[in-house]
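Trainee: Could we go through this model together? I would like to hear the reasoning behind each label.

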Amino acid sequence: MRVLENFINGAWVASTGTTLLDVKNPATGELLAKVPLSTSADVDAAVQAAKAAFPAWRAVPPVQRARYLFKLKSIFDQHREEIAGICTSEHGKTFSESYNDFGRGIENVEHACGIPSLLMGQNLEDVASGIDTKVLRQPLGVFAAITPFNFPPMVPLWFLPYAIATGNTFVLKPSEQVPLSQRRIFELIQQIGLPNGVVNLVNGGREVVEAICEHADVKGVSFVGSSNVAKIVYRKCGETGKRVQALGGAKNFIVIMPDADMERAVQNAVESCYGCAGQRCLAGSVIVPVGDAYERVRDLFVAYAKKLVLGDGKAPGTTLGPVVSGAHKDRVLSYIEKGIQEGARLVLDGRNATVDGLPDGNWIGPTIFEDVRPDMVIGREEIFGPVACFMRAKDLDEAIRLANASEYGNASSIYTTNGKAAREFGARVEAGMVGVNIGVAAPMSFFPFGGQKASLYGDTKAHGAAGVDFYTERKIVIERWF
């Protein structure tokens, strides 16, 4: 069985860790590979390689660094279907979802190709008589990213292109649950001829995360995952003086007004809740029909959910894949049980879902609760599975209050044909990303990505101009010549 390696200083090397985890296809149960739980010594080797590569790499002109990324974008385009297939095999999402997953990552590479313009500073002549001032953007050194299981190709590419385009060097720890996409992506990165040590990859779990956060030579850390871990990463990085962007969990509300284009709104909301089996930080979680829209929204939502086709993500016609692992399936099922115990009404039950010929898949069908209250566990906590919760609101004010009562503030959406309602919602809802007639409010690569409240801990949001800010230090030069 294939045992994955780390990529350090331009070469694939065996981990010093002795514990191996199985990487399985969540639809079939097939063992795909084994991934090592690397050690702090492996992290140190990667960081030292990145540190040694930094002085020469930062001296490479930005226009030349951009040319590496142009090559990478071209190679990624050529291998998009291959990477999508790997992603579906290890994660379970449908092939089209995997294809778009990697596509969003490629968009970040494409945007980072503009780094000569993105790095431009500011200047002003004669701030005082004979004195000029300019702002320079400069790289800091070694950066690292710790990424989640839910978007294996995309999320690492929120960080890697910007880190190296700005002149820093980089260490990635992909999720140990889905390491195969990044293994292949790093093989493709090898083809563009980056100097050794500029990019590195270390597989592993908690020990690797802690070693990255505590390493004195790591200047900044990007994290995406649960809010509980995001808080820990934020604290540990703060203790060692690092920059940090720690993107946490979500409980995203979708408000549907009575004047909405109802068929389109509900169909879109179903796609938001059940796409990627609900395993995304922008997935709709709580549906809030306003006023007399409630019954119609609920009935349409149930009807559309019942039409979803559960199955292997590679099979034609599949619209809902498995959840990522047996452990995650148990976690989602435990939330469904909690909802029942708390008195929510189970309108659609996905607990006993099966797929013919695939008895070992991690199947959960679309699940719907109504009569959910904000104080219930399923109304408060992130489930991260194909479970939708319905809450009632008599008007827009109450809907906004329900959304703002959540500790999270990642994304929120409204469906309406009324511009005043949409504007008021956008201004008042406490969420970092807001959708108007859009159920997955995912910004393009040239805009920042990130939430508010318990959904984001740290200095800046991911990618776009915020990403360039995160990876550079602004130096102010005030000069006078006699």
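Mentor: Gladly! Let us start with helix α7 (residues 180–190): nine of its 11 residues are buried, so the rest of the structure largely encloses α7. This is a predicted model, where local features need pLDDT of at least 70, side-chain atom pairs count only at pLDDT 80 or more, and totals for chains, interfaces and linings use all residues. Residues are numbered from 1 along each chain as its sequence is written, and side-chain values use heavy atoms, leaving out hydrogens and water.

Trainee: Which residues of α7 are buried?

Mentor: Leu180, Ser181, Gln182, Arg183, Arg184, Ile185, Phe186, Leu188 and Ile189. Buried means under 20% relative accessible area, exposed over 50%, and partly exposed in between (1.4 Å probe, protein chains only). Helices (H or I, at least four residues) and strands (E, at least two) are DSSP runs, numbered from the N terminus.

Trainee: Why is Phe384 called buried?

Mentor: Phe384 has a relative accessible area of 15%, and the cut-off is under 20%, so the label is buried. Phe384 sits in the loop between α13 and β16 (387–390), with a positive phi near 60°.

Trainee: What makes Asp371 partly exposed?

Mentor: Asp371 has a relative accessible area of 40%, so it falls between the two cut-offs. Asp371 also has a positive phi, about 60°, although it is not a glycine. Most residues other than glycine have a negative phi.

Trainee: How do you know that β18 and β19 pair?

Mentor: Two strands pair if DSSP finds at least two bridges between them. Four bridges join β18 (residues 411–415) to β19, so the pair qualifies; the two run parallel.
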